[in-house]
Every structure is written in C-alpha cells, then in structure tokens.
Amino acid sequence: MKKFSHVKNFTGYMAKVYNEVIKRSEKQDILDIPAGNGLLSQKLSEAGHNVTCADINSEKPDYVYADMESSLPFGDERFDTIMCLEGLEHVIEPNRLVAELCRICRPNGRVIVSLPNIHNLYSRFQFLFTGTFFQFEPYANQPVGPDEKIDRGHISSLSIVQLKYLFSCYDAKLTGINGDKFKRKILIPLLSPVLLLGYLWVQMPKFQHKWSGGKASKSPNWLFQHNLLFSRSLILVFEKKPDGSPATPHE
C-alpha cells in the first residue's frame, strides 16, 4: 500500500502557480501545504521568498508536521500566500481545510489551490456514461483506519461552484482561474456535442434567471471558460478580503 503520493518532477501546474505567486514582487511569507517533494518551494525560496513547507510525510527534515484533516499548527493571519496543490481532494472534510487555510491567510493575501478538474470535457463525458468524474475512479481510493495517516486518494470531487461558495464563507473571493495542459485534445471533436448541448442548456431563460437571482448582469457562462474545459488540473486563486467583510458566493 502506498502511504503517501506526490509527483517527482516539476509539473505544469507548479509552473503556473510559480508564475502566479511572483506576480507580487514584494518578498512574501509563503506556506506550501502539502509540500510533497518541495520542488516548488525550493524555486520560490531561490527567488527570495520565505517559504514554509508543511506535510505529514517525512520527505525533508525541515518540514513542519501538519495534518490537513486537523487544525493547522499556525497562528491566525500568518502567511501572505498559501499554496495548497493537489490537496483538497484528498481530505474527507474540505470545508474544514478551507476554513483553516483562510484563517492563517493575511488580509489581501492569497490562497492558491490546484485540484483535479472535474469540469473538463472528458470528465463531463465520463460522468455522462459512468456517473464518476475523471481522476475520481472509486477503485483508486485506499481504506484508512481511524488512527492511520496515509494518503486516502482522490475522495472529494470539488466543483468550482462549491469552492467559490466555501471560500466566500471565510472572506475570500475567487480572483483567478487557470489550468495546466489537457492531454486528451484528440477527443475534442468527439466531445464537442457535449459542449454545445451544455452551453445551450445554460442559455435557457429559466436557468439564467435562477442562477442570477433575477439579476440580468449575472450569468453562468464562465462555466465554459477555456481553462475549465481543457485543463487536466484546475488552478484557482482566492484573495482574502482586507476588511473582513464577507464575499458573496456569486461575486
């Protein structure tokens, strides 16, 4: 049984997150959780940032032990930027982890997450025929005892709609949508009818009205944004509000 899982190379989503982090030129206090092999943290440290690596693995001796299923061992508003890459889908209670990430993020700070993109065309096609999302096949999950600390696998299939809502509950607003490379572009002609039918569906007046709460300016068309349709991993940037005023789910 594999106790922990993490990639061994510097991936496409790591490169995208690195570019997102350094958009802010000032020196930042950064948390990388789960840190995995630490490749991204190392590159950000070399760029002059203060990076704390946290995980339940023992990849490197300077890692802070942090269990994402429990309270995180950091004080309130500790970090300017928090990176949680390929982590949320591995926990039973994503809401609890989102609350903790927002708690330790400073006002105007960012929480950057990456996770399997259940919105891409292939995933929508797979769900149509199997009722399961891409990268969430049930045979990939591992049984875990109450006191065991091992990788559960992909157990929480989170949509961008869920994440926008969860982060808004903790004063963080979605400000960026990105993604890595989608590896199954050859299937796009086959999947195009799924895309067309879905787009026509959300244009129905009844659907638009319910989504917007009766406000004509709101629309769910962002669900067909390029990165949502073609990326294997979804990268989302949430910014903590400076004044503590709540963010609304449909902002």
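Hi everyone. Let's start with a pair of helices: α1 and α2 run roughly parallel to each other, because the angle between them falls under the 35 degrees used for that label. This is a predicted model, so please keep that in mind as I go.

Here are the numbers for that pair. Helix α1 covers residues 12-21 and helix α2 covers residues 39-46; they pack at about 30°, and their axes sit 10 Å apart. As for handedness, the crossing of α1 past α2 is right-handed.

Which residues of α1 and α2 meet? From α1 we have Met-14, Val-17, Tyr-18 and Val-21, and from α2 they find Leu-40, Lys-43 and Leu-44. Sorted by type, the residues of this contact come out as 6 nonpolar, 1 charged and no polar.

Now please turn to helix α4, residues 121-130, which holds Ser-123. Is Ser-123 buried or exposed? Its relative accessibility is 0%, and the cut-off for buried is under 20%, so Ser-123 counts as buried.

What does the side chain of Ser-123 reach? One partner is the backbone oxygen of Ile-118, at 2.9 Å. Another is the backbone nitrogen of Phe-134, at 3.3 Å. If we leave aside residues up to four places away in sequence, Ser-123 touches Asn-117, Ile-118, Thr-132, Phe-133 and Phe-134.

Ser-123 has company, too: Leu-121, Tyr-122 and Gln-126 are also buried in α4. The buried residues of this helix pack against α6, residues 188-202, and α8, residues 226-230.

Let's look at the two ends of α4. At the N-terminal end, Asn-120 acts as the cap, with a side-chain oxygen 3.1 Å from the backbone nitrogen of Tyr-122. After the helix comes Gly-131, which has a positive phi, near 75°.

My last stop is Pro-116, which belongs to strand β5, residues 105-116. With a relative accessibility of 2%, Pro-116 is under the 20% cut-off and therefore counts as buried.

How far apart are Pro-116 and Leu-85? In sequence they are separated by 31 residues, and in space by 9.9 Å from C-alpha to C-alpha. And who touches Pro-116? Not counting residues up to four places away in sequence, the contacts are Glu-86, Glu-89, Gln-135, Phe-136, His-154 and Arg-232.

So that's the tour: a helix pair, a serine and a proline. Thanks for listening!

Note on methods
Residues are numbered from 1 along each chain as its sequence is written. This is a predicted model: local features need pLDDT of at least 70, side-chain atom pairs count only at pLDDT 80 or more; totals for chains, interfaces and linings use all residues. Side-chain values use heavy atoms; hydrogens and water are left out. Axes are lines fitted to C-alpha atoms, for helices over the stretch in contact, and angles run from 0 to 180 degrees between N-to-C directions. Helices (H or I, at least four residues) and strands (E, at least two) are DSSP runs, numbered from the N terminus. Angles under 35 degrees count as roughly parallel, over 145 as roughly antiparallel, 65 to 115 as roughly perpendicular and the rest as oblique. A crossing is left-handed if the near helix is turned anticlockwise from the far one by less than a right angle, and right-handed if clockwise. Contact means heavy atoms within 4.5 Å. Ala, Val, Leu, Ile, Met, Phe, Trp, Tyr, Cys and Pro count as nonpolar, Asp, Glu, Lys and Arg as charged, and the others, Gly among them, as polar. Buried means under 20% relative accessible area, exposed over 50%, partly exposed in between (1.4 Å probe, protein chains only). A polar contact is a pair of N or O atoms within 3.5 Å; within protein, one must be able to donate a hydrogen and the other to accept it, and residues adjacent in sequence count only if both atoms are side-chain atoms.
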